[in-house]
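The following exercises ask the reader to work through selected features of a protein chain, one step at a time. Each task is followed by its solution.

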Amino acid sequence: MGTTAAHRRRPGSIVVLSPSAVALALLFLSTTLRLAAAVQPYGGGGPCALAVAPLGYPCEEHQVTTADGYILSLQRIPSGGRGGHGGGAGAGASSSRAGQPVLLQHGVLVDGMSWLLASPEESLPFILADRGFDVWIANNRGTRWSRRHVSLDPSSRLYWNWSWDDLVVNDLPAMVDFVVKQTGQKPHYVGHSMGTLVALAAFSEGRVVSQLKSAALLTPVAYLAHITTPIGILLAKAFVGEVLSDFLGMAEFDPLAPPVTNLIRAFCRRPGMSCYDLVGSITGKNYCLNSSAVDVFLKYEPQPTSTKTMVHFAQTVRDGVLTKYDYVLPERNIASYGQAEPPVYRMSGIPPSFPLFLSYGGRDSLADPADVRLLLQDLRGHDQDKLTVQYLDKFAHLDFIIGVCAKDYVYKDMIDFLNRFN
């Protein structure tokens with residue numbers, strides 16, 4: 001897949017949508033994943049109090065402010081729980097007693113809680129903590145625990161005026177820098193879905209690479225040209241995000257807001273339409289995702305994001321190339337980037353000596369194997385001893401974070417990789 005302008009939509013070719021097409025695309029969006037420092041003790045209703053402390057693990061709530069004023073929440077599990085290998089340090093434990101730090105980054109329309117919803121024997125943060133790692137869990141701007149700003153209110157359109165480019169430029173560097181300063185060590189990075197996209201885009205521009213020891217990318221996303229779900233394809237063709245932003249005034253995309261849920265209900269009541277297993281039909285047929293895991297997942301997710309981020313995803317699917325946000329009008333792109341076309345994130349620019357672990361599934365309809373192979377082609381010049389690739393033919397998108405067998409098929413090899421670079 002090339003990166004020339006021939007692969008990109010030109011201004012003026014936006015698809016005109018019927019109401020049913022809007023509803024269908026909204027259905028995809030809302031069900032895809034329905035699937036200066038302040039330290040606080042656990043309490044106050046945050047993830048530490050909800051999902052970590054009750055299981056006997058130490059936990060700290062942290063905040064970090066980005067360069068553009070967003071106040072992000074991070075949770076720290078500095079050691080293992082009862083009987084864990086981390087030494088049983090309590091909340092507020094000093095960094096000198098913690099082990100090798102690792103930063104976990106979630107995907108789109110969820111938050112850091114998505115890592116914490118299985119049992120301690122199956123959830124990656126607890127598995128890492130019990131093996132001596134100092135675990136940090138990120139929460140993107142706009143999600144439940146990261147909705148504050150130094151001057152803007154989430155009810156304002158200005159608060160939501162960002163795409164995932166801003167996570168590349170502001171959120172990821174702020175969180176990595178914070179962990180480095182708090183621990184005095186370079187952390188490992190683990191991302192899922194959009195957490196891999198943001199990391200790859202950052203690495204391609206040389207951001208944060210010198211502050212990390214390695215990166216493990218689960219369901220890596222750099223291309224989205226081969227998604228196989230018909231609803232996802234319709235979303236890209238319809239470019240529904242621009243319609244929502246420009247015509248309905250939805251700067252915030254909240255999958256649980258009435259404008260979205262009302263359309264979903266109406267669509268699901270149509271004759272011949274079944275909304276029974278849309279998660280599986282969109283993410284791919286998950287291999288070891290049981291119903292109780294899904295029930296817990298839906299208790300806490302989905303989370304809002306900016307409509308601009310959803311537009312950016314639609315551009316990536318539609319155009320077949322990873323670029324910065326396309327403002328469509330050449331003059332707006334020139335004002336933002338100094339050129340009429342948005343700059344391309346070139347994966348071949350990732351430093352070849354930076355350790356990477358990539359794990360992807362053969363049934364994943366979002367991080368499709370064909371798209372992952374395009375990424376691997378970009379990485380063909382990577383140092384062979386610094387690139388580990390794991391392919392699981394029966395795994396789909398959500399198996400990697402809430403699948404009951406991820407601990408055996410994914411996390412074991414991933415932790416072996418991390419330990420190589422400690």
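A cavity is a set of grid points where a 1.4 Å probe fits but cannot get out, and its lining residues have an atom within 4 Å of such a point. The model examined here is a predicted one.

**Exercise 1. The second largest cavity**

Task: Describe the second largest cavity by its volume, by the residues nearest its centre and by the classes of its lining.

Solution. Begin with the volume, which is about 60 Å³ for the second largest cavity. Next, consider the lining, to which 13 residues contribute, with N140, T143, M194, P304 and T305 lying nearest the centre. Finally, sort the lining of this cavity by class, which gives seven nonpolar residues, five polar residues and one charged residue.

**Exercise 2. Salt bridges between separate elements**

Task: State how many salt bridges the count gives, and then examine the pair R76 and D134 and the pair D171 and R141.

Solution. Side chains of opposite charge can pair when their charged atoms come close. With a cut-off of 4 Å between a side-chain nitrogen of Lys or Arg and a carboxyl oxygen of Asp or Glu, the count comes to 12 salt bridges.

In one of them, R76 pairs with D134, and the closest N and O atoms are 2.8 Å apart. This pair links distant parts of the chain, since R76 belongs to strand 3 (residues 70-77) and D134 to strand 5 (residues 134-138), with their positions 58 residues apart. R76 and D134 are both buried, and for R76 this follows because its relative accessible area is 3%, where the buried class requires a value under 20%.

In another, the side chains of D171 and R141 meet at an N to O distance of 2.5 Å. D171 is located in helix 4 (residues 164-183), whereas R141 is in the loop between strand 5 and strand 6 (148-149), so the salt bridge ties together parts that are 30 residues apart in sequence. Both of these residues, D171 and R141, are likewise buried.

**Exercise 3. A salt bridge within a helix, and a network**

Task: Determine where the partners K181 and D177 lie, whether each is buried, partly exposed or exposed, and which residues are joined into one network by shared partners.

Solution. K181 and D177 form a salt bridge whose closest N and O atoms are 3.1 Å apart. Both residues lie in helix 4, with a spacing of four residues, or about one turn of the helix. K181 counts as exposed because its relative accessibility is 64%, while D177, at 26%, counts as partly exposed. As for the network, salt bridges that share partners join E60, R76 and D134.

**Exercise 4. The disulfide**

Task: Locate the disulfide and describe the geometry and setting of the link between C48 and C59.

Solution. A search of the whole structure finds one disulfide, and it joins C48 to C59 with an S to S distance of 2.0 Å. The angle about the S-S bond is -65°, and the link of C48 and C59 is left-handed. C48 lies in helix 2 (residues 47-52) and C59 in the loop between helix 2 and strand 2 (60-65), so the disulfide ties together parts that are 11 residues apart in sequence. C48 and C59 are both buried.

**Exercise 5. Positive phi values and an exposed loop residue**

Task: Place V208, T219 and R380 in the chain, and state for each whether it is buried or exposed.

Solution. V208, in the loop between helix 5 (194-204) and strand 8 (214-218), has a positive phi near 60° without being a glycine. With a relative accessible area of 7%, V208 is buried. T219, in the loop between strand 8 and helix 6 (230-238), is also not a glycine and has a positive phi of about 55°. At 0% relative accessibility, T219 counts as buried.

R380 lies in the loop between helix 13 (369-378) and strand 12 (387-392), and it counts as exposed because its relative accessibility is 61%. The side chain of R380 nevertheless reaches the backbone oxygen of Q377 at 2.5 Å. The C-alpha atom of R380 is also separated by 8.3 Å from that of S348, a residue 32 positions away along the chain.

Methods
Residues numbered from 1 in each chain as written. Predicted model: local features only at pLDDT ≥ 70, side-chain atom pairs only at ≥ 80, totals over all residues. Heavy atoms only, no water. 1 Å grid on protein atoms, 1.4 Å probe; cavity = no way out; pocket = protein on both sides within 12 Å on 5 of 7 lines; lining within 4 Å. Points joined across faces, edges and corners; volume = space filled by probe spheres on them. Nonpolar A, V, L, I, M, F, W, Y, C, P; charged D, E, K, R; others polar. Helix = DSSP H or I, 4+ residues; strand = E, 2+ residues; numbered from the N terminus. Buried < 20%, exposed > 50% of the residue type's maximum accessible area, 1.4 Å probe, protein only. Polar contact = N/O pair within 3.5 Å; in protein donor to acceptor, adjacent residues only side chain to side chain. Disulfide = S-S within 2.5 Å.
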